Amino acid sequence: MKRKLTRFVQRALYSALYVSLKYIAVPVALLAILVIVIPQARAGFHTLLFVAETLDAPVQPQSWFTREPVRYESVYGSLDGAEVADVYRLSDGKPRAAVLLSVGAAQKGLDDPAITDFGYALSRAGFVAMLHWSPPLGRDSDMQPEDPAKLVRAFEYLAAQDYVAPERTGIGGFSVGGSFAIVAAADERIADAVRFINAFGSHYDLETLVVQAASRSVDDDGEQAPWEPHSLTLRILAHELIETLEDDAEAELLSGHYVDGEDFAPDALQALSERGHTVVRLLDGVSRSEAERLYSTLPQDFRDGLAGISPSNHVEGIRARLLVMHDRDDRHVPVTESRRLVQAVGEREGDRYTEFRSFSHTLPGEGNLLDRLAQAFRLSRHMYGLIRIAR
């Protein structure tokens with residue numbers, strides 16, 4: 001009896017070992033060989049790991065297959081002195097593909113967990129990631145005309161590092177940061193050196209964006225539709241419009257209300273200048289035609305300044321591969337802005353445009369399982385071409 005039991009246990013163990021080898025170990029080994037030997041398979045594998053990490057999947061295995069990246073502060077020269085950015089990279093001594101990212105109006109700065117997690121995920125995917133933040137934009141919702149030029153200097157600094165492969169280096173950004181990245185990439189100083197541009201949720205033309213926000217509507221191929229801009233969009237718009245006022249007391253009054261959320265005194269608006277009333281009307285909301293008329297009365301230098309940081313005026317300088325992403329229901333920047341950008345650039349080999357349904361501007365949104373799977377699939381298709389550069 002004891003001998004039969006022993007034989008039964010042995011046969012059971014052999015059967016389990018056979019099944020494990022045939023259906024688990026062998027497929028896993030074959031997959032590992034494919035990932036190691038075939039570049040496309042390796043890029044696809046790391047794309048899936050990256051997407052699982054960035055979409056906060058229940059299982060995030062990226063750290064299982066990659067080294068621990070290092071993060072450190074990097075100081076480089078800019079137009080007005082020293083600029084600071086965070087660099088994330090694998091410290092293995094290999095020159096790697098790199099990307100300079102402008103994080104836009106991130107109010108918490110470079111220590112925002114969403115930003116640090118993204119930096120680590122990019123570096124594990126094989127990139128040297130240099131994350132750039134503009135304090136005036138992040139803290140005060142104030143766009144600076146020199147921001148694209150600062151990105152040019154940052155790109156030149158990044159491409160010159162010995163741990164970077166300059167021929168595989170690109171630029172990108174989120175929201176207004178993506179727009180600034182496009183403007184910077186079209187700059188003659190770096191246009192030929194930028195391998196790729198990736199912009200997510202970015203504006204194409206600031207004049208159009210102001211009119212759309214003021215009229216609470218979007219124009220898609222000649223048809224207008226209601227659009228309710230996000231409070232952050234209105235706050236940035238308020239900051240820019242209030243800067244056109246010449247009277248400091250008037251500017252302080254409107255800033256207190258539209259930027260800081262303070263209440264007006266009952267008779268506060270009566271003494272406003274004509275320009276002050278124009279700003280109030282644009283911020284409170286008017287018709288599309290009235291928004292266009294009021295915008296045309298603003299100072300020419302102000303309008304020229306917005307035009308200078310609008311990708312619409314730099315399309316001809318874009319030589320890099322262009323990848324654009326946008327959420328269809330974006331309340332910060334309407335999806336029509338990215339559609340116009342893609343249309344203006346035209347069909348070029350290697351470019352890609354991806355629309356999502358369940359992001360919250362540039363952050364992963366909520367949704368049911370099917371929505372999340374569709375989001376993951378679209379993001380994987382978009383990111384594969386980029387991670388292929390790094391892997």
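**Note on the predicted model: cores, strand 6 and some buried polar residues**

1. Start with isoleucine 197. Beyond its neighbours within four places in sequence, isoleucine 197 is in contact with Ile171, Ile182, Ala185, Ile318, Ala320, Arg321, Leu322 and Leu323. Please keep in mind that this is a predicted model.

2. Ile197 belongs to the largest nonpolar core, which has 70 residues. Met143, Ile171 and Ile197 have the most contacts inside this core. A second, separate core has 31 residues, among them Val99, Val103, Ile115 and Ala125. In soluble globular proteins, nonpolar side chains tend to be buried together.

3. Strand 6 deserves a careful look. The strand covers residues 196-200, and five of the five are buried, so strand 6 is largely enclosed by the rest of the structure. Which residues point which way from strand 6? Phe196, Asn198 and Phe200 point one way, while Ile197 and Ala199 point the other way. Side chains in a regular strand alternate between the two faces of the sheet. Here, the residues on both sides are buried.

4. Next, the pairing of strand 6. Strand 5 (residues 164-174) pairs with strand 6 in the parallel sense, over four bridges. Within this pairing, isoleucine 171 has isoleucine 197 as its bridge partner. These two residues also appear among those with the most contacts inside the largest nonpolar core. Strand 6 also runs parallel to strand 9 (residues 321-327), and five bridges join them. Alanine 199 has valine 324 as its bridge partner in strand 9.

5. The connection from strand 5 to strand 6 involves helix 7 (residues 176-185). Strand 5, helix 7 and strand 6 together make a right-handed β-α-β unit. Serine 175 sits in the loop between strand 5 and helix 7. Its phi is positive, about 55 degrees, although serine 175 is not a glycine. Most residues other than glycine have a negative phi. Serine 175 has 15% relative accessibility, so it counts as buried.

6. Histidine 361 is a further non-glycine residue with a positive phi, of about 65 degrees. Its place is in the loop between strand 11 (359-360) and strand 12 (363-364). Is histidine 361 buried or exposed? Histidine 361 counts as buried, because its relative accessibility is 10%, and the cut-off for buried is under 20%.

7. Serine 338 lies in helix 14 (residues 336-345). At 2% relative accessibility, serine 338 counts as buried. Its side chain makes a polar contact with the side chain of histidine 326, at 2.6 Å. Setting aside residues up to four places away in sequence, serine 338 touches Ser202, Val324, Met325, His326 and Tyr353. One of these, Val324, is the bridge partner of alanine 199.

8. Serine 215 is in helix 8 (residues 206-215). With 11% relative accessibility, serine 215 counts as buried. Its side chain makes a polar contact with the side chain of serine 217, at 2.7 Å. Outside residues up to four places away in sequence, serine 215 touches Val286, Ser287, Arg288 and Ala291.

9. Arg288 and Ala291 lead on to helix 12 (residues 288-296), where they are among the buried residues. The others are Glu290, Leu294 and Tyr295. Seen down the axis of helix 12, the buried residues fall within an arc of 160 degrees, so they line one face of the helix. What do they pack against? Their partners are helix 8, strand 7 (217-220), strand 8 (223-226), helix 11 (274-284) and helix 13 (300-308).

Terms used. Residues are numbered from 1 along each chain as its sequence is written. This is a predicted model: local features need pLDDT of at least 70, side-chain atom pairs count only at pLDDT 80 or more; totals for chains, interfaces and linings use all residues. Side-chain values use heavy atoms; hydrogens and water are left out. A nonpolar core is a set of buried Ala, Val, Leu, Ile, Met, Phe, Trp, Tyr and Cys residues joined through side-chain atoms within 4.5 Å. Buried means under 20% relative accessible area, exposed over 50%, partly exposed in between (1.4 Å probe, protein chains only). Contact means heavy atoms within 4.5 Å. Helices (H or I, at least four residues) and strands (E, at least two) are DSSP runs, numbered from the N terminus. A polar contact is a pair of N or O atoms within 3.5 Å; within protein, one must be able to donate a hydrogen and the other to accept it, and residues adjacent in sequence count only if both atoms are side-chain atoms. The arc is that of the directions from the helix axis to the C-beta atoms. Two strands pair if DSSP finds at least two bridges between them. A crossover is right-handed if, with the strands pointing away from the viewer, the path from the first strand over the helix to the second runs clockwise.
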